[in-house]
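Q: I have a model open and I'd like to learn how to read it feature by feature. Could you walk me through it?

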Amino acid sequence: MKKIFNIALVLTGLILISSCKDTLDAPSKSSLDESVIFSTPDLAEGTLAGILQSFGETNSYRGRYIAHYGINTDAEVNNSLKTSTDARAQLANYNTTANNTNMNTDNNAYAKFYEGIERANLAIRGLRAYGNVNSNLRMAQVLGEALTLRAVLYNDLIKGWGDVPARFEPISGATLYLPRSDRDVIYKQLLADLEEAAGLLSWPNQTATTSTVEHVNKAFAKGLRARLALYAGGYALRLDGTVRLSNDPDLSKEKMYAIAKKECLEIINSNTLKLLPFETVFRRLNEESLLAGEESMWEIPFSEGRGRVIFDLGVRHTTTDKYTGQNRGGANGPNPIMWYEYEPGDVRREVTVVPYEWTNGVQVPSNLSRLYFGKYRYEWMKRRVTSTNDDGLNWMYMRYADVLLMAAEAINELDGPAAAAPYLKLVRERAFPNNPAQVTQFMTQATASPTTFFNAIVNERALEFTGEMLRKADLIRWNLLSTKLAEAKTKLEQLDKRQGKYANLPAKIYYRTAADGETVQIYGLNFGETDAQGVALGYTSNKTWTLSASNDPISYWDALFLKDPNAQQVWPIWQYFIENSNGLLNNDHLK
């Protein structure tokens, strides 16, 4: 991987030099100018790794975007959110400033995404001119991947910073400085690009290239197009400071749902993907399986010495042990209310929400205010992590369950709940593999009306995707961000004070180490369990299970958001870029 990236960097540099030579009317061409690079399959494929190299940079996806975007919601929180003045906490608590010390640098994710876009723009231009993509399937795949990777970057730019400059051609003197563009312009271009890309790409396992989830395939391009259609047709904070739908008739809610329905059904009917048992999905991810045609649709690839997925999001190891040489994990975790959102028998809970950490090779209970995403675990890897800063685990960008739930949502909107029900039911059946009667009862209730079905989708997506950082963008497009955060704030206070539905939970948890010498057994986490029974069972240890300590500067629930989330749906463009924009960029729409 490192060698590929290094080659790609050289190629990218040559492309940039060639581009400059053309601009300066250079009298001769390099043997590795655009016409050579993009008519030679091996060289053209190398430029894709150059684009991906921008994903893996220290302050790009690797150490910033994956670690910070999507926190806080009703499903996910920054685990140090009570330290409200901390730079990391401020990226989550809807009080982000343009000079945030974690982000206000010339090489952070905002810059690296545009670096990747520029590399993609150069590749797309070269492939269109010299790649003979209409008759060369290998070059068509490269162009399809470049278009899709550019769409990924723009998707995350819009999610992170809202309306951003639109750059769909390599930079020239005339386009060196650009203002924010209306996101509708970008969405329309991306929807067209992904439609083109899907026509160029192969299905999973149709070719050797698409046999791995580290390469883009037709299913992922279609799935990403469906996701972007839902975003484009949904609510968002606009440059005029209002939260509203698009005014562009081409991006109407109905048209966008129609695109999502079409793309999702084509993926489903291709029979190239499948649901796996829920725990198996994430064991395969942590085992670095990389096989296409299962549930994972595409993953941001990290080499072993790159990537901080478990480092930032995984189950915490407070000390090194046989599973990992780094004492990390758990900078972010599930919102504590999520443990109590799952119904009894839902197999997703124990995979998704972990109430313990590792110390000296043994599991010990964590605190209620610090739970962990169990989808990312050192202990599930097939290798021991030795890097001090990176774990190398890929980031699973999309999986088949998302396609099924997007299909269910779109079809409910267009055709009603009866037509949409089979797709939600598939996800629900996997969550309750041992209780088909419970699934049947749930589906009867969910399909009572389009509104009840929509509400079921809103809830199901939280249960299914906690820890995968989809929730914030979902809540924004549904215009539910402030509503759900306010509900979560109330629930958190009730949980801490044992009020409302949490009134009869034990005040403490009771625990001991199992016979295997490393697994912790915990009593007192669940509805129906009591302190009296916890004492009677003779557990060797116990601790108070609470969110707040008496010396906390701010209560846990008050730290969830400091300003109206709807007015702070996106981050400001960082001060470095404002000051270097020739006066064209500002954050005036953020209050």
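## Reading the model, feature by feature

A: Let's start with charges: Glu 295, Glu 343, Asp 346, Arg 348, Lys 375, Arg 399, Arg 428, Arg 430, Glu 460, Glu 464 and Glu 468 are joined up in a network of salt bridges. Keep in mind that this is a predicted model.

Q: How many salt bridges turn up in a search of the whole structure?

A: The search finds 53 salt bridges. Let's pick a few and look at where their partners sit.

Q: In the network, which residue does Arg 399 form a salt bridge with?

A: Its partner is Glu 295, and the closest N and O atoms are 2.8 Å apart. Arg 399 belongs to strand β10 (residues 395-399), while Glu 295 is in the loop between α11 (278-286) and β4 (296-300), so the pair links distant parts of the chain, 104 residues apart.

Q: Are those two buried or exposed?

A: Both partners are buried: Arg 399 has a relative accessible area of 1%, and Glu 295 has 0%.

Q: What about Glu 343, which is also in the network?

A: Glu 343 forms a salt bridge with Arg 428, with 2.3 Å between the closest N and O atoms. Here too the pair links distant parts of the chain, 85 residues apart: Glu 343 is in the loop between β5 (332-334) and α13 (348-352), and Arg 428 is in helix α15 (residues 417-431). Burial is uneven in this pair, as Glu 343 counts as partly exposed at 32% relative accessibility, whereas Arg 428 is buried at 2%.

Q: Which residue does the side chain of Arg 150 meet in a salt bridge?

A: That would be Asp 193, at 2.8 Å from N to O. Arg 150 lies in helix α7 (residues 137-161) and Asp 193 in helix α8 (residues 183-200), so this pair ties together parts that are 43 residues apart in sequence. Arg 150 is buried, at 3% relative accessible area, and Asp 193 counts as buried at 3% too.

Q: Let's turn to the nonpolar side. How should I read a core?

A: In soluble globular proteins, nonpolar side chains tend to be buried together. In this model the largest nonpolar core has 177 residues, and the members touching the most others are Phe 55, Tyr 61, Tyr 110, Trp 161, Trp 298, Trp 395 and Leu 424. Helix α7 supplies the largest share of this core, 14 residues.

Q: Which residues does Tyr 61 touch, not counting those up to four places away in sequence?

A: Tyr 61 touches Phe 55, Ile 66, Phe 113, Val 152, Leu 153, Asp 156, Ile 300 and Phe 302.

Q: Now helices. What can I check in one?

A: An α-helix has 3.6 residues a turn, so residues three or four places apart point the same way. Length is another check: at 1.5 Å a residue, the 15 residues of helix α9 (residues 218-232) should span 21 Å, and the end C-alpha atoms are 21 Å apart, which agrees. As for burial, α9 is mostly covered, with 15 of its 15 residues buried. At the N-terminal end, Asn 217 caps α9, with a side-chain oxygen 3.1 Å from the backbone nitrogen of Ala 219.

Q: And where is the kink in α15 centred?

A: The kink is centred on Tyr 423 and is about 35°. The end C-alpha atoms of α15 are 20 Å apart against an expected 21 Å for 15 residues, which agrees. Buried residues of α15 include Tyr 423, Leu 424, Val 427 and Arg 428.

Q: What about unusual backbone geometry?

A: Most residues other than glycine have a negative phi, and most peptide bonds are trans. In this model the peptide bond from Ile 71 to Asn 72 is cis, with omega near -5°. Asn 72 sits in the loop between α4 (58-68) and β1 (76-78). Tyr 94 has a positive phi, near 60°; this residue lies in the loop between α5 (87-90) and α6 (109-130) and is buried, at 2% relative accessible area. Arg 498 also has a positive phi, near 55°. Arg 498 is in the loop between α19 (481-497) and β11 (508-513) and counts as buried at 15% relative accessibility.

Q: Last one: where is Asp 163 found?

A: Asp 163 is in the loop between α7 and α8, and at 2% relative accessibility it counts as buried. A polar atom of the Asp 163 side chain lies 2.7 Å from the backbone nitrogen of Arg 183.

How values were computed:
Residues are numbered from 1 along each chain as its sequence is written. This is a predicted model: local features need pLDDT of at least 70, side-chain atom pairs count only at pLDDT 80 or more; totals for chains, interfaces and linings use all residues. Side-chain values use heavy atoms; hydrogens and water are left out. A salt bridge is a side-chain nitrogen of Lys or Arg within 4 Å of a carboxyl oxygen of Asp or Glu. Helices (H or I, at least four residues) and strands (E, at least two) are DSSP runs, numbered from the N terminus. Buried means under 20% relative accessible area, exposed over 50%, partly exposed in between (1.4 Å probe, protein chains only). A nonpolar core is a set of buried Ala, Val, Leu, Ile, Met, Phe, Trp, Tyr and Cys residues joined through side-chain atoms within 4.5 Å. Contact means heavy atoms within 4.5 Å. The expected span of a helix is 1.5 Å times one less than its number of residues. A polar contact is a pair of N or O atoms within 3.5 Å; within protein, one must be able to donate a hydrogen and the other to accept it, and residues adjacent in sequence count only if both atoms are side-chain atoms. The bend at a residue is the angle between axes fitted to the seven residues ending there and the seven starting there.
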